[in-house]
Amino acid sequence: MKKLVIATHNIGKLTEIAELLAPIEIIAQSSLNIRPVEETGQSFVENAILKARYASKQSGLPALGDDSGLVVPALQGAPGLYSSRYAGINANDEANILKLLDALKDKKQNEREAFFFCAIALVRYQNDPMPIICSGFIKGIILSKKQGKSGFGYDPVFYLPKLKRSMAELSAAEKNHISHRGIALRELTTRLLNEL
Ligand code: ITT
């Protein structure tokens, strides 16, 4: 597989995926004028497949979908599938973080436990009956204020106790090494190599 359409409009995700999948030539779906598909699934995996299939249908190329988010068990799994629009349909990272910190403000320390989860689906063609599905997760603690400037999304409030830093205080390489997306994409590359 030489060319792969990446079914995301999120620049942060795209950058991480490009680094982890080199030397495959990746094509952002926005550069092909492919609109985001409606995310109607009930799980990250279902939405990752929806994104990949739609991008493959529109482009005629193999495509990869990433559906990911932050899961806080003490908030019944929120923001979950709605992580990118937690504070509203056009919410930015700042507004989403503020809403999260507000939702957790009266919670006990052990209720600030959270997970980043990432599902990756790769379809070789639109109707691929055996998409490659990989996933990864990482556990952390939600801080009460932002720390660090790297990464994207909820990274500045996602604290990694073992590293004593937030995800936004890691370099891109350090984040890729441990992150939910890094884990899922390394599994994907192993699976792709086994197909050659
Ligand atoms: P696409 O659908 O175009 O891929 P999106 O940002 O809407 O972009 P999702 O529906 O998968 O993608 O939502 C993912 C959200 O979860 C993302 O916007 C962040 O708020 C959060 N998220 C996912 N991975 C993250 C990471 O590595 N670091 C911080 N936040 C992350």
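This short presentation describes the surroundings of the ligand and three individual residues.

Good morning, colleagues. Please bear in mind throughout that the model is predicted.

I begin with the ligand. The space that the ligand takes is the largest pocket. Around the ligand there are 20 residues, and the closest are Thr8, His9, Lys13, Asp155 and Lys175. Sorted by class, this shell holds eight charged residues, nine polar ones and three nonpolar ones.

Which elements of secondary structure supply at least two residues each of the shell? They include strand S3, which spans 63-71, and helix H5, which spans 180-195. The greatest contribution is that of S3, with four residues.

Let me now turn to individual atom pairs, beginning with Thr8. A polar atom in the side chain of Thr8 is 2.6 Å from an oxygen atom of the ligand. For Ser68, the atom concerned belongs to the backbone: an N or O atom there lies 3.0 Å from a ligand oxygen. His180 again uses its side chain, where an N or O atom is 3.1 Å from an oxygen atom of the ligand. As for coverage, the ligand on its own has 610 Å² of accessible area, and the protein covers 93% of this.

I come next to the individual residues, of which Asp66 has a link to a residue already mentioned. Asp66 belongs to strand S3. The side chain of Asp66 makes a polar contact of 2.8 Å with the side chain of Ser68. Is Asp66 buried or exposed? Its relative accessibility is 1%, and the limit for buried is under 20%, so Asp66 counts as buried.

Ser179 is located in the loop that runs between helix H4, residues 172-178, and H5. With a relative accessibility of 0%, Ser179 is also classed as buried, because the value is under 20%. How far apart are Ser179 and Phe117 in sequence and in space? They are separated by 62 residues along the chain, and their C-alpha atoms are 8.9 Å apart.

My last residue is Ala172, which is part of helix H4. Why does Ala172 count as partly exposed? Its relative accessibility is 46%, and partly exposed covers values between 20% and 50%, so Ala172 receives that label. Ala172 and Ile138 are 34 residues apart in sequence, with a C-alpha to C-alpha distance of 16 Å.

To close, I return to the ligand: it occupies the largest pocket, and the protein covers 93% of its accessible area. Thank you for your attention.

Terms used:
Residues numbered from 1 in each chain as written. Predicted model: local features only at pLDDT ≥ 70, side-chain atom pairs only at ≥ 80, totals over all residues. Heavy atoms only, no water. Near = heavy atom within 4 Å. Polar contact = N/O pair within 3.5 Å; in protein donor to acceptor, adjacent residues only side chain to side chain. Areas by Shrake-Rupley, 256 points an atom, 1.4 Å probe, with all protein chains shown as cover. 1 Å grid on protein atoms, 1.4 Å probe; cavity = no way out; pocket = protein on both sides within 12 Å on 5 of 7 lines; lining within 4 Å. Sits in = over half its atoms within 2 Å of the grid points. Nonpolar A, V, L, I, M, F, W, Y, C, P; charged D, E, K, R; others polar. Buried < 20%, exposed > 50% of the residue type's maximum accessible area, 1.4 Å probe, protein only.
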